[in-house]
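Colleague: I am new to this one. Could you walk me through it?

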Amino acid sequence: MPRPVVFLDVDGVLCTPLSVRLDWLLRRPMDRQLFDPIALFWLERLVRRTGAQVVLSSSWRYSLGDSDALARRILQNLYRCLAAHGAPVAGIAPILGVSKGEEIAAWIARRPGAPCVILDDRADEFAAVPNLQPCLVLVDSRRGLRRRDYRRALALFNAQTTTKKEVSPHDRL
């Protein structure tokens, strides 16, 4: 079976009001911004528990081809932070000029069979692709990725990889 995939949005999932306040309090420059430490904890736990690879589906992807040095440093900071928290970026959803849902669907079409979860704070991005709705974990952008989102993502992965599985004590976290 192909390796599971977490499609990751950044704004609203890792970049939250908490991380913005921390950046402001610590006077961090944009290219060294902090991401929500609680969200990073749950993302790391999800990746470690499922063995999933992280695919960047955020609008931050649009800066990848940018020649702007600041944009490159901001992305490098994101990549470093995710790698340091056990969730390195393994791929990037294609940029096709359509909705994010359609771009993720195009990525999945090229790699069928991989269990996937989409961590995003905007359901409207997936209206054009209703078959992705069962994979979507809608994260509250005011809080970012939290325990309930982790549990939902874990349940979605489990539902896609097994038909019937014993629940271990670790699954209850």
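Modeller: Helices and strands here are DSSP runs, with at least four residues for a helix and at least two for a strand. Keep in mind that this is a predicted model.

Colleague: How many helices and strands are there in the protein chain?

Modeller: Read along the sequence, the pattern is β-α-α-β-α-β-α-β-β-α. The count for the protein chain is five helices and five strands.

Colleague: What is the radius of gyration of the protein chain?

Modeller: The C-alpha trace spans about 50 × 35 × 25 Å along its principal axes. For 173 residues the globule rule gives 16 Å, and the chain comes close to that, so it is as compact as a globular protein of that length. Its radius of gyration is 16 Å.

Colleague: What percentage of the 173 residues is buried?

Modeller: Buried means under 20% relative accessible area. By that cut-off, the share of the 173 residues that is buried is 45%.

Colleague: Are helix 2 and helix 5 roughly parallel or roughly antiparallel?

Modeller: Take helix 2 as residues 37-50 and helix 5 as residues 147-161. Their axes come within 10 Å and cross at roughly 20 degrees. Angles under 35 degrees count as roughly parallel. Helix 2 and helix 5 are therefore roughly parallel.

Colleague: Which residues in helix 5 do Trp42, Arg45, Leu46, Arg49 and Thr50 in helix 2 meet?

Modeller: Helix 2 passes helix 5 in a right-handed crossing. By class, their contact has six nonpolar, one polar and three charged residues. On the helix 5 side, the residues met are Arg147, Tyr150, Ala153, Leu154 and Phe157.

Note on methods. Residues are numbered from 1 along each chain as its sequence is written. This is a predicted model: local features need pLDDT of at least 70, side-chain atom pairs count only at pLDDT 80 or more; totals for chains, interfaces and linings use all residues. Side-chain values use heavy atoms; hydrogens and water are left out. Axes are lines fitted to C-alpha atoms, for helices over the stretch in contact, and angles run from 0 to 180 degrees between N-to-C directions. Angles under 35 degrees count as roughly parallel, over 145 as roughly antiparallel, 65 to 115 as roughly perpendicular and the rest as oblique. A crossing is left-handed if the near helix is turned anticlockwise from the far one by less than a right angle, and right-handed if clockwise. Contact means heavy atoms within 4.5 Å. Ala, Val, Leu, Ile, Met, Phe, Trp, Tyr, Cys and Pro count as nonpolar, Asp, Glu, Lys and Arg as charged, and the others, Gly among them, as polar. The radius of gyration is taken over C-alpha atoms; the globule rule is 2.2 Å times the number of residues to the power 0.38. Buried means under 20% relative accessible area, exposed over 50%, partly exposed in between (1.4 Å probe, protein chains only).
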